[in-house]
Amino acid sequence: MKKLFKLAGLVALAGVIASCSNVKTTANYQVIPLPQEITTTVGQEFTLSNGVKIVYPAGNEMMQRNAEYLAQFLKESTGNTYAVVADGQSKGNISLQIDANQEKPEGYKLTVNNDGVMISGGSAAGVFYGIQTLRKSIPVVANSTPVLSAVEIVDYPRFDYRGTHLDVGRHYFTMDELKKYIDMMALHNMNTLHWHLTEDQGWRLEIKKYPLLTEIGAKRSETVIGRNSGEYDGKPYDGFYTQEQAKEIVAYAADRYITVIPEIDLPGHMQAALAAYPNLGCTGGPYEVWRQWGVSDDVLCAGNDTVLTFIDDVLTEVMEIFPHEYIHIGGDECPKVRWTTCEKCQARIKELGIKGDSKHSKEEYLQSYIINHAEKFLNKNGRQIIGWDEILEGGLAPNATVMSWRGEAGGIEAARQGHDVIMTPNTYLYFDYYQSNDTENEPLAIGGYLPLERVYSYEPMPKSLNEEEQKRIVGVQANHWTEYIPTYSQLEYMALPRWAALSDIQWSSADSKNYKGFLNRLPQLVDVYAQQNYNYAKHVFDVSTNFVSNPTTGTVDIYMETIDGAPIYYTLDGTEPTVNSQVADSVIVIDDNCIVKAVAIRPTGNSRVFTEKVLFSKSTNKPIVANQPINKQYMFNGASTLVDGLKGDGNYKTGRWIAFFRNDMDVTIDLQQSTEISSVAISTIAEKGDWVFDTRGITIEVSDNGVDFTKVASEQYPAMTEKDRNGIYDHKLTFTPVATRFVRVIALSEQSIPAWHGGKGKNGFLFVDEITIN
């Protein structure tokens, strides 16, 4: 506990490293990711004094580079300089070796005893991961001498593909920033960078045969402010990578045993390319590099032979830059609006004899024609494709790999069809989502809610697959879409420490996962973040709260804790808590309206102040049943969420809202005794781009016996227009006072999305929160 407290203090000071003279520190092998096997020996130890050398096999350039990395890492952590030598004696030194008997190329063995340190790997990459484990086990203390207790660590990765995805189409990052990103990946034992290079909002890679792709397609005239507000910043935005720069990134990553897989997203997400070459589109333009977020209806024309030539030419140059076997061709979110009215596309459909069916329209099957063309071209040149899970529609070659992003369903289906799968579900691993439900004090994000604990809970191996099918799950990846990540500093903030949780998922065994244990290991890695000046998020060191509705007592019970046991002080009247406030050393019981504020106070600095309103009404904590299904994806704590005294904010994915889809909200609340009421209020939330709409009507009914109901109030609302705002809508129905026990509340969902919307004619989601009866 003392160690955790000290480390948390370092976090609060963000980047301050203890500075002592020749202080001895003790290595801690409980690192992130957690090694597969750690066996310690009592009584033996080895001291990394200044005379210790790092020894590598002579003539092995990769191992020499590994040795130099280790010397650099140790100097950053301790301030000491360790000499790097070829073919020196292993005794009394750190020895790096290749072990041909290692079963897994990325596996390693790290041994410490009185005679020194030995890191042996199945390849130079395996040695590198052993170096990372040693690096992370040594405390970050300037002018220190690490003491390593005797240990044998046998380690290897659970998944061969351990990736992160970076979108540079929406926002561009410099070469130095990309290299820093790659260094962060190496710290977390990741080995694949998925580089998303093209978008409606910008084409970022030089293609010599099509120079206008970067002369025009890399430049947008301005950028929308916020979430497609209709207002623009008036500032031109551009940036691209020359082919030589892209090769430099490939080489920099390869030096750190990271493969770069480029993505040229097609046939959708192509408006920037169309702005440069309008003849590639269905309408012929004119087009502009898109200034707003979302997905443009303008895509490559599937009936135009020039488009097929364009795809071949671009992929030819891409293959010359990126040597890896796999090329990502996107295949996601391709609107078919233009294809339905395009004479060339309709002629292509007729030529190919494509027919629609109950699963897909003929235009949706037309997309597979484009995907298959790109796949065959790459296969002919010795390459394979990766694509988002939409590429399953229409059939694929056996060697195609599928990235499952719309939950896990696409990955499960792909594995059953015999395709390799990389799991990257938006329900766990989209790191452009908020990581705190206190969204007002967070940088603007696309939405969603993926806190550290949610990320860590992800298990990539679906239980619905049999043993052979599970072998097809080859990797795990987190995605960084950058519509709302305009700077590199914010990119680090969205990545860290969620990458730490991702690292455990990708590398460590499923049996070893334990969130409390992970939190105990995290501060030591956070010290490295601070030493490297990474802009990591610090929510994990804030006060953690759990609000529990207690129907028996009618109260809301609050449980509070911190990662390191730091004392928590709180108030209930909305004032700022101080050391003179009450201490949260037991359950806090709430039975009336209040504003809860809490803070963890440490000698080195305070956490952020937690704030929550608790609002009581005649429905709070009363029994409630849903008469129609709650959407399973957004069920959270079920119907009781509607009467828990806690109101949702502007983010519908935090667990404070529940959703209804393809049916209405229809709930009955038992007030448990005859009670006079005269109003019912509910809140809904709209996020039109996500198909989330306000209610179309509300009806209130009352009953004395829970069977026979009488309507006391009803209102109908028009369909939302394109100009209606997103956000929270409060609805309150008042009526003549009536004494009743049971109250039935019906809110109508949008059963047919309006014609102005991309989802026209389909069902919308209805998200509802607190039902307040008075």
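What follows is a short chat about strands, one histidine, a pocket and the cavities in a predicted model.

Colleague: What kind of model is this, and how are residues numbered?
Modeller: It is a predicted model, where local features need pLDDT of at least 70, side-chain atom pairs count only at pLDDT 80 or more, and totals for chains, interfaces and linings use all residues. Residues are numbered from 1 along each chain as its sequence is written, and side-chain values use heavy atoms, with hydrogens and water left out.

Colleague: Strands, then. How many bridges join strand 5 to strand 7?
Modeller: There are 6, and the two strands run parallel. Strand 7 covers residues 116-121. Strands here are DSSP runs of E, at least two residues, and helices are runs of H or I, at least four, numbered from the N terminus. Two strands pair if DSSP finds at least two bridges between them.

Colleague: Which residue in strand 7 partners Gln97?
Modeller: Ser120.

Colleague: And how many bridges join strand 3 to strand 5?
Modeller: 2 bridges join strand 3 (residues 53-56) to strand 5 (residues 93-98), again in parallel. Val55 has Ser95 as its bridge partner in strand 5.

Colleague: New topic. Is His196 buried or exposed?
Modeller: His196 counts as buried because its relative accessibility is 0%. Buried means under 20% relative accessible area, exposed over 50%, partly exposed in between (1.4 Å probe, protein chains only). His196 is found in strand 10, residues 192-196.

Colleague: What does His196 touch?
Modeller: Leaving out residues up to four places away in sequence, the contacts (heavy atoms within 4.5 Å) include His165, Asp167, Glu263, Asp265 and Trp481.

Colleague: Which side chain makes a polar contact with the His196 side chain?
Modeller: Glu199, at 2.7 Å. A polar contact is a pair of N or O atoms within 3.5 Å; within protein, one must be able to donate a hydrogen and the other to accept it, and residues adjacent in sequence count only if both atoms are side-chain atoms.

Colleague: On to pockets. How much space lies in the second largest one?
Modeller: About 490 Å³. Of its 21 lining residues, Tyr161, Asn191, Thr192, Thr259 and His324 are the closest to its centre. A pocket is an open set of points on a 1 Å grid over the protein atoms alone, with protein on both sides within 12 Å along at least five of seven lines; lining residues have an atom within 4 Å of a point.

Colleague: Which element supplies the largest share of that lining?
Modeller: Strand 13, with 3 residues.

How values were computed:
On a 1 Å grid over the protein atoms alone, a cavity is a set of points where a 1.4 Å probe fits but cannot get out, and a pocket is an open set with protein on both sides within 12 Å along at least five of seven lines; lining residues have an atom within 4 Å of a point. Grid points are joined across faces, edges and corners, and a volume is the space filled by probe spheres set on the points.
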